[in-house]
Amino acid sequence: MKKIVYILTLWLCSMGIQAQTNLIPQIYTPLSFRSQALGGVVFDNLDLIYDPIELRFVNGIRLYTNLSNLTSSDEEIFNDISDNEYLFGISGKNALVDRMWHSFLIRYEDSNTPSSYSFDSNLDGLADFFPEGFFHNLYTEFTDTDGDGLYDLRREIDQEKDGFNRRKLQNVLFNNSYVTANWTLGLRLGYQKTTNERNTSSGFYGTHFGPLIGIASGDPMTTLNFDLFSVQENFRSFNQHETGDFLYRSSGDQLLIHLAAMGLYNVATLTKVELRTDFAYIKDKQKTRVDDQYTGRVENFSQDIAVFSDFYEENDGRDSNQSTKGDGFLLAFSAKRIFQKGLERKDDGFWKFQAGILRRNFDTNRQQSMDFASNQNFFDGTDTLNTDFTTSVNRQIKFEDVGNGHSTSYFGSGLVNFPLGERVHVGLGAFFSYQTSSTTTDFVTSTFAETDVQILDSDLSNDSVKTIVASLTSDRKEENSLYQVVLPVGIEYKFTKNLKWSLRFGSIFTYSRMITNFSEDITDSQPTRTTTVYGDGTSYLRLSDNVYESTSLQRKSGESFTNFVYGLGFTPTEHLQIDLLGFLGTASGLQLWDVEFIRSFRISFSLKL
């Protein structure tokens, strides 16, 4: 959890303090190990080449590969731990068109990994195996129930389970920078498509009637068949059959068109101030689908009565769809002045202020149907009154929540980088944002349930069909506001004579406060209506009170926390840069001389051609 908070905080820093490139988090842009280790306030060439303005200041050809560890920054080369992605990035000056630079980044993943689960082979409630992916087991047990030294019963349990996680990713960034006599112009295009899919249950299903096991949340696709035989007669006296077929699928598409322009101006007594404007158009679409289906059946058989019937079966499932699609724009302005030139742009001493707005409109649609059906039948084959019966149940609960909304983010930041001699580089920053969102939806829910009971006897009044219906329509509104202040600090120290080694430390203090307001106004209500019709023709109606009740609630939360980060950099030649991030590890009892200490290194290699 702490790691997730740190990553989100670092993204916020990069959104508000770094170049405007990362103000749009929907499209992936990598963060350098140097920036991550210095709290997001001191940058590296990697952070500059995917910015439509800063790209022009990076000399030479820069090359980034899977060895750059830029997907999640958590890959461990020596432990063969990866994100299963292909990554390639390159930047450089156009050889044919003067004063034009380009950078390109591609990420691709198509992985199908098995998921792990517990497996109970003999149905005693205890896990016997912990397989991954597909697993099939046939269990046979002979039992002597009367102690006469002969086997009486044979249990055969045939089970299959299959669990997988599938992920697909296509991400492309194409960045361009062009310099005119007075302006630097930039265009960045980005597209990302993601798909995540798994065949594990998203809920709990089944009533656990009799020996039925049912489904728990997270269970993989399942098939179970259990037979009980008498050994002497080889007669099947009992059968239990259960299946579970599950699908969870989420997908997303994002498009980014980012324009930027920067010029040098004299402002009051300050000379050569970089004034910059950014405009971006963002379009995105998100979808989530859940399709879970469970069936269960138990049946007893009679060896003596051919027409004997005793079974119970049920079907339980959920089908839900959720989608959000929208578009928006970003407009930002910044002023930057370099007061001390470094060997490269990333080493300059400068101050920078920026402010902007991010506005988004979207449509939202949620639909869900939960269906249950069961059928129970008992017939002893001799027409015994008050004994034979059939019972069936059908139930459906549906809801639909459709509407639209908008969100607005105002942000501002200040950043200063200053070298202290040739060995120390310091970065200080402050970021403030105020984000609001409002979503209005029309909510409709309905319930239908029917229970049919038929008893074989002489009194028809014991037979009945009970029907329950209800529905509700309401207007819903949810408003959120988030205040956030982020104060990062980064210090880099070059500690060798040749200045090729760098030790980096950073801290990120974050204060946030969130307020949520939710209201629901009932616009139409059909109260619970229960109708019971008996076999003799009589019927009863019970109508619940029709209550129109509108509600509203407010939640307030606030927190502050500080994350500490660190890293190490080494430049053995002008063509190679090696960076380590958080390399000391957190494993209990780990020593510097342990092999695992070295194997857990998170390393990034960057090339300059």
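## A nonpolar patch on the surface

In this predicted model, eight side chains come together on the outside: Phe 174, Leu 189, Tyr 191, Leu 255, Ile 257, Leu 259, Phe 279 and Phe 329 make a nonpolar surface patch of about 640 Å². Two elements each give two or more residues to this patch, namely β7 (183–198) and β9 (235–267). If you want the top contributor, look at β9, which gives the most, with three residues.

## Zooming in on Phe 279

Let's pick one member of the patch, Phe 279. You'll find Phe 279 in strand β10, which covers residues 270–300. Is Phe 279 partly exposed or fully exposed? Its relative accessibility is 39%, so Phe 279 counts as partly exposed. The reasoning is just a matter of cut-offs: buried means under 20%, exposed means over 50%, and partly exposed is in between.

## Hidden spaces inside

Now for the inside. How many cavities of 30 Å³ or more turn up in a search of the whole structure? There are two. The second largest of them holds about 50 Å³ of space.

What lines that second largest cavity? Its lining is made of Ile 53, Glu 54, Met 262, Glu 274, Arg 276, Ser 334, Lys 336 and Lys 352. Strands β10 and β11 (309–340) are the elements that give two or more residues to this lining. Sorted by class, the lining has five charged residues, two nonpolar ones and one polar one. Strand β10 thus turns up twice in this report: Phe 279 of the patch lies in it, and it helps line the second largest cavity.

Note on methods:
Residues numbered from 1 in each chain as written. Predicted model: local features only at pLDDT ≥ 70, side-chain atom pairs only at ≥ 80, totals over all residues. Heavy atoms only, no water. Patch = residues over 30% accessible without salt bridge, like charges linked within 9 Å, V, L, I, M, F, W, Y side chains within 5 Å. Areas by Shrake-Rupley, 256 points an atom, 1.4 Å probe, with all protein chains shown as cover. Salt bridge = Lys/Arg side-chain N within 4 Å of Asp/Glu carboxyl O. Helix = DSSP H or I, 4+ residues; strand = E, 2+ residues; numbered from the N terminus. Buried < 20%, exposed > 50% of the residue type's maximum accessible area, 1.4 Å probe, protein only. 1 Å grid on protein atoms, 1.4 Å probe; cavity = no way out; pocket = protein on both sides within 12 Å on 5 of 7 lines; lining within 4 Å. Points joined across faces, edges and corners; volume = space filled by probe spheres on them. Nonpolar A, V, L, I, M, F, W, Y, C, P; charged D, E, K, R; others polar.
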